[in-house]
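I opened this notebook to keep track of what I looked up, beginning with how the two chains meet.

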Amino acid sequence: MSHHQHRLQRLNELRKIRPQYGEIYDFYQGLCTFLQEMPSAWFACTVDLEAWQPRRQAGFPLLSRETLQFDEAGVRAFLFLLIDRLIDLGRQGAEELQCFKQALENDALSAAELLLACLEKDRAPVEKAATQLELPAALLEYVLSTTLAHGLQQWLAGQPEIRFEDWSEGYCPICGGIPVMGELSGETGKKRLHCSLCATAWEVVRMKCSYCGNDETDSLEYFTAEGDVGYRVDICRKCSCYLKVVDSREVGDGLPMDVEDLNTMHLDLLAQREGFAKGKREQKN
Amino acid sequence: MELNRRGFLKLSGGAIGASIVGIGLKPAQAYAAPLAIQYARETITICPYCAVGCGQIVHTQASDVINIEGDPDHPINRGTLCSKGSSIYQLRHNKKRITEPLYRAKGAKEWKPVSWDWALDQIARKLKATRDATFMTRNTRGQVVNRTDAIASVGSAALDNEECYLFQKLLRSWGLVYIEHQARI
C-alpha cells in the first residue's frame, strides 16, 4: 500500500471517529487522491551516504541545497496542476492561487529557488516573492511545502533504507524538516518524531524537549484533552513550545502522521490557548 | 482567505491547506472550545523491587500517581518490565496494601494492628535480648571477634547504595556477621 493509499484509508476511518471534521477530511482526501496520481520526475537528489556519516554525527541532515536537483519546467507543470486542484477543492483563495500560477507562467518566480528556500527554512525569499506578488506568504509557503514534501516522499520511497541510528536531533535526519507529530511507538513507548516534509521517522529520548533540548523533568509536562484517548501534547516550560504526540499503543501502529496532525487540530488550538507555540528549532545547514 | 501569517504558524500540513482554500477551522474551534485539559508530568525513577534496577517512568497529576511504565530510554530494560515491575502502580494504589504494622502473637491465628512505637520497641527489645545472650567477644582461639551468630540479616534489593551503606554500619555495630543481600543472590 502506498503512503497516499494509507492516508486515504485512515481518513475514512477518522470520518467515523470525528465526523465534525468531515469537510477538512474531504479537502485532504482530494489532495491525497491528486498526489497519489502525480509522478515526481522533476525531483532528484544526489547523495553520498559515506560522506554524510561524519556530517550526520555533527548534526547535519542528509539533504542540502547542493544535493537537490529540480527540473524547473517539471516543477512548474506540477505546480500548475496542484494549484488547479486546490482551486477545485476550495471555496476561497482562487484569485490568489491564480495570481501565483500567473507569476510562474510569466517567469516572475523561480520555483526551484523557492523550493530550496523551503528546504532550508529560509522564509526571506518566500516572503519577498509574496510581497512582490501581493500574495499571502502563508499561501506561497503551503503550496511550496506541499510540492517539496511530495518530491521528497516519492524520492525516498524509491531509495534503499537509509540508516541513521545515532541521530538524536529534534529535526529530520534526511531533510532537516521539523516534526509534524511525535509518537510513543512499539510495545515500550519509545518516542519517535515524524518529519513534516519527507515523513521520515526517527527515535529520540522521551524525556527531552525536541526543540530546545531541555531534559529537566521539572519543566517538561504534557496535557491531555478529555475524550482524546491515545493523544497528548508534550510541552516544555523552558522554551514554551509544544509537540502533539500519539500513543500508538492506544491508537494503532503505522499511522500516517500528517493525517493524525489534521485529526488533532483542536489540540493545536488548546496548546495555543495555554500559551504554547509550535516549535521551530533551527537546523544546521 | 481566513488564514493570516499568525494563523499559519499555529497549524501545519492539511489544516493550513484547508484554511487557505476557505474551508476554515471553525469545526476545530468549536470542538476545542469546551474541552477540559489535564496536565501531567513524567518522572524517571528506578524500580525498587529487585537488583536489576530497571528504569521506570512515573506519570503524576498534581501529587497523585496515575501511571507507571518502563523507561524506553533506560539502558538496562529498554522500556520492558517484569510482571512485578509492571504492577508497581499498586505499590501506591492498592486497597490490600498494608499501611500499618501488624502483630501475630505466639500461638495466635489472627494478625492485629499495633502502633509503630510498640512494634519498634518490641523489635529493639528482642534484638537486644538475643544479642546480649549470644554475644561473643573472643572465639575459641582467644581472638577478639565481638560478634553474635544468633542474628542474621537478609537485606532487600529495594535498598539503594546509601541505604545499604547505613544498614551495613548498623548491623556491624550490633556484631552481626551473617549479612546477606538480594543483589548477591
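I looked first at Thr224(A), which stands opposite Gln38(B) in S1(B). Strand S6 (220–225) of chain A and strand S1 (residues 37–46) of chain B pair in the antiparallel sense over four bridges; I count two strands as paired if DSSP finds at least two bridges between them. Helices (H or I, at least four residues) and strands (E, at least two) are DSSP runs, numbered from the N terminus.

I noted that this is a predicted model, in which local features need pLDDT of at least 70 and side-chain atom pairs count only at pLDDT 80 or more, while totals for chains, interfaces and linings use all residues. Residues are numbered from 1 along each chain as its sequence is written, and chains are lettered from A and ligands numbered from 1 in the order in which they are written.

Next I looked up the wider interface, where 46 residues of chain A are in contact with 41 residues of chain B (C-beta atoms, placed from the backbone, within 7 Å). Among the elements of chain A that each supply at least two residues to this side are helix H2 (22–36) and helix H8 (137–157).

I then turned to chain B, where three strands form an open sheet in the order S6-S7-S8 with mixed pairing. Strand S6 (136–138) and strand S8 (176–181) of chain B stand at the edges with a single partner strand each, so one side of each is left without a neighbour in the sheet. Strand S7 (residues 144–155) of chain B pairs with S8(B) in the parallel sense over five bridges, and Gly155(B) stands opposite His181(B) in S8(B).

Conventions:
Contact = placed C-beta atoms within 7 Å.
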